[in-house]
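User: I'm new to reading protein models and would like a close look at one part of this one. Could you take me through its sheets and the helices lying on them, and then show me how that part sits in the whole?

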Amino acid sequence: MWLFARDPVRDFPFELSPEPPEGSPPGPWALHRGRKKATGSPVSIFVYDVKPGAEELTQVAKAAFKRLKTLRHPNILAYIDGLETDKCLHIVTEAVTPLGVYLKARAEAGGLKELELSWGLHQIVKALSFLVNDCSLIHNNVCMAAVFVDRAGEWKLGGLDYMYSAQGNGGGPPSKGIPELEQYDPPELADSSGRAVREKWSADMWRLGCLIWEVFNGPLPRAAALRNPGKIPKSLVPHYCELVGANPKVRPNPARFLQNCRAPGGFMNNRFVETNLFLEEIQIKEPAEKQKFFQELSKSLDSFPEDFCRHKVLPQLLTAFEFGNAGAVVLTPLFKVGKFLSAEEYQQKIIPVVVKMFSSTDRAMRIRLLQQMEQFIQYLDEPTVNTQIFPHVVHGFLDTNPAIREQTVKSMLLLAPKLNEANLNVELMKHFARLQAKDDQGPIRCNTTVCLGKIGSYLSASTRHRVLTSAFSRATKDPFAPSRVAGVLGFAATHNLYSMNDCAHKILPVLCGLTVDPEKSVRDQAFKAIRSFLSKLESVSEDPTQLAEVEKDVHAASSPGVGGAAASWAGWAVTGVSSLTSKLIRAHPTAAPAEASVPQRPTPEGLPAPAPTPVPATPTSSAHWETQEEDKDTAEDSSAADRWDDEDWGSLEEAESVLAQQDDWSSGGQTSRAGKTSNPDHKSSELDWSSWEAEGSWEQGWQESSSPEPPPEGTRLASEYNWGGPEPSDKGDPFAALSARQDANTQPRPDSWGDDNWEGLEMESRQAKAELARKKREERRREMEAKRAEKKAAKGPMKLGTRKLD
């Protein structure tokens, strides 16, 4: 039976890269890249091959193996594993690059900033301070070849081959025998008399001076070159001169050198070093200190190196959220660092944290997530949005804080493309219907209308037919003037989603009513939309064959691309999650006129007469109708209503004080917007703003005129006339069929969002508020009776005598 000896190199859990060694330092070791076999994580492997006749060099390598294995410090090269055989020595460390190779690569890419160099030198000096002051060890090999850089840009001290004890119990310093290393020895070592008085750190501090010179000026040609500081920063020159002074007694202790450089105005006194020092001690910091640090961190990240942000700041941010209860303050720096990640890294590191944050009940966390959703929405897949994010986001529609309701509505612009059929067409529409009908903040009702116009193209055909016309019609009756403007713009933005029948019988009657609106901005938009819809109808009238082309999107499935041109024609200001609500508040700081004192509607004679729109000689396609109207209405396009995004509107939070001053919809007296009363001091008996639907239903008004009187005998239909064409048209009248359909169904369906009963909502609202008012009056009456009884009991006959004696 044969027994085979196992090969320890083959069984070693790490393997060398086939690439040649990269920048191996002078000495016995060759530096290789490697990886862990089990996980594939990158490592660095220092390899020493034992050669016959090199016993002294082998002892140096074994001593370095032992030192690196036993020394643990954040600024010293981290030992992971090792292998020692008769033929070789392997030391596995964290993945690093020699400092010389790193500086050369960065110089080709534009060079290192002083911030990075200051922190790198800070780490090397701190490692020397640990060795000298805490371990009583002399490094004896501080130079460019002994410094390595990890993937975060952190500098690590290695090269422990020639280390010895400062107490002299292990013998004197070992001989190097390598000229490249001996040139860094201080001049006092050449004095064989031993008269020079020096400290235990003197030699290492001289070598530190040589390292500083090489970092800023390149390889050191000879010791005499140290007299010229070269490119060393002026703030560092005085301290550098102390290191390379001829008197070893004057050279400072490493700890003292750090203290001098950290003084005000010093080379290491900057935001980058302070940030790193705080991150090193973040586990023992107070919660208040952490909160302040993360709040200020975002401002500094732009000036920090990308590798540092990815590999050092990001893990600390994730740890602070997971275990440190840092809360919402980590969101801004977290998303800022996320810009440096690849799509795969973002999915692995950021998205799990974001999904977990959405389940938080912290309002500050929720509103910051909604405000910054555009930074991570592209990394969220549809199943994650529908199952883990949307169920938590919809709670914001019911929140008592208006700012959260506002941000929740606007976040739907980003979430809608990723929502499934049930969430988008059923769940979201229910919340939008409730907000538009019952929300007490006019800007939020307006925002709901704007958002619905933006996401209308994502809705299914049946939902569009059921929701859009009813919702925008309702918006045109809102007491808040910007909501009425939003309703008109909503019709324009979704013009291609309506049939010609709907345009003629549902949309144009609504828009015509707005031509006498008290607000000029509403009237301007109404005239503009009317002319556009009329142009569309006229083009189909001229060429009935266009009907199929114009209505191609009406029954089409949801298509994200449609409606984009119309939205741009409408001049909407919502891009991403811009603060439209606060824009409307700033544009109308005294709220809508209907909320306070509505001026009487001007007479039709006082309205500016709109310019007539000629019927185009050639048929106008649906894709170009808005462009033609822009050319005709250049003067109108300059109005403030079309230029919402030309101003700095501020934020909702800044305008909350203005909102607080506005009359409450459920308690403030409201004058009829429709001009049904001429007394401006008359208070409406119905205090709920939702009564504007009950004041005059569009359907009821048109039911009265649905059976027109027959025309006199001999009257010709409009389609029978030749309206200026070269010859009588043989084409049929496309509107005749529409009229026939209307006659066949003289009872049109009331406006609704589908299953939602708007009349029921309004009735419930009025009944609930009437009941609440009655209870308050009853409670107030009981309180007054109780006070009267107390006063009556206190005024007895004894009181009179007491007062008389006084």
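Analyst: Here is a walk through the two sheets, followed by the cores and the confidence of the model.

A word on the ground rules comes before the details. This is a predicted model, in which local features need pLDDT (the predictor's confidence in each residue, from 0 to 100) of at least 70 and side-chain atom pairs count only at pLDDT 80 or more, while totals for chains, interfaces and linings use all residues. Residues are numbered from 1 along each chain as its sequence is written, and side-chain values use heavy atoms, with hydrogens and water left out.

The protein chain has 34 helices and 10 strands; these are DSSP runs numbered from the N terminus, with helices being H or I of at least four residues and strands being E of at least two.

Let's start with the sheet of five strands. It is open, its order is β1-β2-β3-β5-β4, and its pairing is antiparallel; two strands pair if DSSP finds at least two bridges between them. At the edges are β1 (14-16) and β4 (79-84), each pairing on one side only. From one strand to the next, the twist averages 30 degrees. Inside this sheet, β2 (residues 30-36) and β3 (residues 42-49) pair in the antiparallel sense over six bridges, and Ala-30 stands opposite Val-47 in β3. Helix α2 (residues 55-70) lies across β3, β4 and β5 (88-94), running at about 145 degrees to β4. Such angles run from 0 to 180 degrees between N-to-C directions, and the axes are lines fitted to C-alpha atoms, for helices over the stretch in contact.

Now for the sheet of three strands. This open sheet has the order β6-β8-β9, again with antiparallel pairing. Its edge strands are β6 (96-98) and β9 (155-157), and each pairs on one side only. Neighbouring strands here are turned by 40 degrees against each other on average, direction ignored. Strand β8 (residues 147-150) pairs with β9 in the antiparallel sense over three bridges, and Val-147 has Leu-157 in β9 as its bridge partner. Across β8 and β9 lies helix α4 (residues 114-134), at about 25 degrees to β9.

How does this fit into the whole chain? Of its 806 residues, 48% are buried, where buried means under 20% relative accessible area, exposed over 50% and partly exposed in between (1.4 Å probe, protein chains only). The largest nonpolar core has 91 residues, with Leu-428 and Ile-455 having the most contacts inside it. Such a core is a set of buried Ala, Val, Leu, Ile, Met, Phe, Trp, Tyr and Cys residues joined through side-chain atoms within 4.5 Å. Helix α11 (residues 306-323) gives the most to this core, with eight residues. Apart from it lies another core, of 69 residues, including Ala-54, Val-149, Tyr-162 and Phe-267. Val-149 links back to our sheets, as the range of β8 is 147-150.

Finally, how far can you trust what you see? The mean pLDDT of the chain is 74, and 68% of its residues reach 70 or more. Over residues 561-752 pLDDT stays under 50, and there the model has 281 contacts (heavy atoms within 4.5 Å) beyond four places in sequence. Residues 798-806 also stay under 50, with one contact beyond four places in sequence. Where pLDDT is low, the predicted coordinates should not be read in detail.
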